[in-house]
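Student: I would like to work through this structure with you, one question at a time. Could we begin with single residues and then turn to pairs of rings?

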Amino acid sequence: MMASPFIEKLRADMRLRGYSLKTEKSYLGWIRQFIYFHKKRHPIDMGAEEVKAFLSWLANERHVAVNTQKVALNALVYLYHKALNQELGDLNFSLATKQRQLPVVLTPEEVQRILNQLSGRNKLIIELLYGSGLRVSEALRLRVQDINFSHSALTIRDGKGKKDRQTLLSQRLIEPLQQAIETALTVQIEDNKNGLGPSMPNALDRKYPNAYKQPGWMFVFPATSLCKHPYSGVLCRHHLHDSVVRKALQPAVKAAKIFKKVNCHTFRHSFATHLLQAGCDIRTVQELLGHNDVSTTQIYTHVIGQHYAGTASPLDRLISNQ
């Protein structure tokens, strides 16, 4: 199905501004929903009132989560402020309600039980999520040059918010990572024989046309098949899709008899919580996770009850006085 010229124009504008593919897909999806909600009226003929009505409908009729509503708002702010150069002013729409939810965290013993049900590449990826506090997308985007074995560090490039950061590399993962890199470089050598290689970021394949042959640019976890680059259309090998890891994780959780709601992000939550429990400074944890604000990291102090430090239950006092 062909996209409308207007949508294609927005797509080109987002790529010019350097938006990620994930953001591009999300924003275009919300803009389409906005247009359909208003019976296919063109956005240029609408404004603040229509945006307010759509966002309020999401909250009151669709009962979306507050973060979902925020993404929709960001998409429409982009549409009007940047693409159409039209101010929306104070929208004063109905906010989606949100109860504070504590993240699901595994105990170290539960982490080990799940890891015991995994093997090979999938186990290594989950170990990276827990051992380094990575998002699954960050683990899968790792390239050979991002791993510093001598300093036991990983460099996460272009993470959430387009930020680079460094985080820990577990000593236990050095040997399996070296083996994964050896396997990946074998794939790269075979691809190079056909003039192919890993997908390159930010049009670097045009600036450095032979960079795809350099081992440093190879993904540690390459996809099993080739694909066309979404920007250039050049045939290349991208990194492994996150659905592969998610599909491997759920049977492992079930086999480990863990009855919590576990997903890939649970291991990042567990990384942060276990560091704090071990006495690690919250600012260090904030830096390792790549949070802009320490208040985001502070949610983990609630998980471990640190904000109640020194507070005893009145029942305990009652019993101790008997």
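Student: Is Tyr27 buried or exposed?

Tutor: Please keep in mind that this is a predicted model. Tyr27 has a relative accessibility of 13%, and the cut-off for the lowest class is under 20% relative accessible area. Because 13% falls under that cut-off, Tyr27 counts as buried.

Student: With which residue does Tyr27 form an aromatic pair that is edge-to-face?

Tutor: A search of the whole structure finds nine aromatic pairs. In one of them the centres are 6.0 Å apart and the planes stand at 65 degrees, and an angle over 60 degrees counts as edge-to-face. The partner of Tyr27 in this pair is Tyr19.

Student: How many residues apart in sequence are the parts that the pair of Tyr27 and Tyr78 ties together?

Tutor: Tyr27 and Tyr78 form a tilted aromatic pair, with 6.2 Å from centre to centre and 35 degrees between the planes. Tyr27 belongs to helix H2 (residues 21-37), while Tyr78 belongs to helix H4 (residues 66-83). The pair therefore ties together parts whose separation in sequence is 51 residues.

Student: In which helix does Asn122 lie, and is this residue buried or exposed?

Tutor: Leaving aside neighbours within four places in sequence, Asn122 is in contact with Val244, Val245 and Ala248. Asn122 is part of helix H6, which covers residues 120-132. At 17% relative accessibility, Asn122 in helix H6 counts as buried.

Technical notes. Residues numbered from 1 in each chain as written. Predicted model: local features only at pLDDT ≥ 70, side-chain atom pairs only at ≥ 80, totals over all residues. Heavy atoms only, no water. Helix = DSSP H or I, 4+ residues; strand = E, 2+ residues; numbered from the N terminus. Buried < 20%, exposed > 50% of the residue type's maximum accessible area, 1.4 Å probe, protein only. Contact = heavy atoms within 4.5 Å. Phe/Tyr/Trp six-rings, centres within 6.5 Å; stacked < 30°, edge-to-face > 60°.
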